[in-house]
Amino acid sequence: MNAIAQPAWARDGAAAFLARYAALPASLPGDPAMRAAAAEAFRRRGLPGARDEAWHYTSLRPLAETRFAAPVAVAAMLPGRLPAVDAPRLIFVNGRFDRAASTLPAQAAVRVGAPAYGALARPEAEAMVALNTMLAEDG
């Protein structure tokens, strides 16, 4: 746990992320034990602040005060708005691959993804890695 008391916005922001995690565990891919350990690490550390050397000059207040919503389904809105191109097209919406809106190559196998979930993460060492590990929905 941080030795220095966190400001209210940091406590509230961390609580909001933990509440989001509590509502999602059954729908999240990957190892649930790894996510639970990451959530516990984040619960202990909270959001990094000015006293954390790596975040010394970066305020996370805007992140803490942001309320996230489920992504909007955009597949139906895209076809008429994109130029016609006779080529494969990979569409990402808010950082997520949208298979329904994409046009995949007919002959080649395309794999959209990342290394095995959590293979590189060290949530016990960094608060933001813990946050990302507990809430990652893909990759």
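**Exercise 1. Determine how far H4 is covered, and identify what covers it.**

*Solution.* H4 is mostly covered, since seven of its nine residues are buried. The structure is a predicted model, and each such statement refers to that model.

Step 1. List the residues concerned. Those of H4 that count as buried are Ala127, Met128, Ala130, Leu131, Thr133, Met134 and Leu135.

Step 2. Look for the cover. The elements lying over these buried residues include H1, H2 and helix H3 (61–65).

**Exercise 2. Describe how H2 and H4 are arranged relative to each other.**

*Solution.*

Step 1. Take the axes. Those of H2 and H4 come within 8 Å and cross at roughly 140°.

Step 2. Classify the angle. Angles over 145 degrees count as roughly antiparallel, and 65 to 115 as roughly perpendicular. The crossing of roughly 140° therefore makes H2 oblique to H4.

Step 3. Assign the hand. The crossing in which H2 passes H4 is left-handed.

Step 4. Name the residues that meet. From H2 they are Met34, Arg35, Ala38, Ala39, Ala41, Phe42 and Arg45. Their counterparts in H4 are Ala127, Ala130, Leu131, Thr133, Met134 and Leu135.

**Exercise 3. Characterise the largest nonpolar core and state which helices supply it.**

*Solution.*

Step 1. Find the members with the most partners. The core holds 19 residues, and Phe17, Tyr21, Phe42, Leu47, Leu131, Met134 and Leu135 touch the most other members.

Step 2. Assign the core to helices. At least two of its residues come from each of helix H1 (8–23), helix H2 (32–45) and helix H4 (127–135). The greatest contribution is that of H1, with six residues.

Step 3. Set this in context. In soluble globular proteins, nonpolar side chains tend to be buried together.

Step 4. Connect the core with Exercise 2. Phe42, Leu131, Met134 and Leu135, named above among the core residues, also take part in the meeting of H2 with H4.

**Exercise 4. Locate proline 25 and proline 29, and decide whether each is buried, partly exposed or exposed.**

*Solution.*

Step 1. Place the residues. Proline 25 lies in the loop between H1 and H2, and proline 29 is found in that loop too.

Step 2. Apply the cut-offs. Buried means under 20% relative accessible area and exposed means over 50%. Proline 25 has a value of 38% and is therefore partly exposed. Proline 29, at 36%, is likewise partly exposed.

Step 3. Relate the loop to the far end of the sequence. Between the C-alpha atoms of proline 25 and leucine 135 there are 8.6 Å, although the two residues are 110 residues apart in sequence. Proline 29 and alanine 136, 107 residues apart along the chain, have their C-alpha atoms separated by 8.1 Å.

**Exercise 5. Describe the setting of serine 102.**

*Solution.*

Step 1. Serine 102 sits in the loop between strand S2 (96–97) and H4.

Step 2. Its relative accessibility is 11%, so serine 102 counts as buried.

Step 3. Leaving aside residues up to four places away in sequence, serine 102 touches Arg89, Leu90, Ile91 and Phe97.

**Exercise 6. Summarise the chain as a whole.**

*Solution.*

Step 1. Four helices and two strands are present, in the sequence order α-α-α-β-β-α.

Step 2. The chain has 139 residues, of which 26% count as buried. Its accessible surface comes to about 9,400 Å², with 58% belonging to carbon and sulfur atoms.

Step 3. Among contacts with a separation of 6 or more, 64% join residues 24 or more positions apart.

Definitions and conventions. Residues numbered from 1 in each chain as written. Predicted model: local features only at pLDDT ≥ 70, side-chain atom pairs only at ≥ 80, totals over all residues. Heavy atoms only, no water. Buried < 20%, exposed > 50% of the residue type's maximum accessible area, 1.4 Å probe, protein only. Contact = heavy atoms within 4.5 Å. Areas by Shrake-Rupley, 256 points an atom, 1.4 Å probe, with all protein chains shown as cover. Core = buried A, V, L, I, M, F, W, Y, C linked by side-chain atoms within 4.5 Å. Axes fitted to C-alpha atoms, helices over the stretch in contact; angles between N-to-C directions. Parallel < 35°, antiparallel > 145°, perpendicular 65-115°, else oblique. Left-handed = near helix turned anticlockwise from the far one by under 90°.
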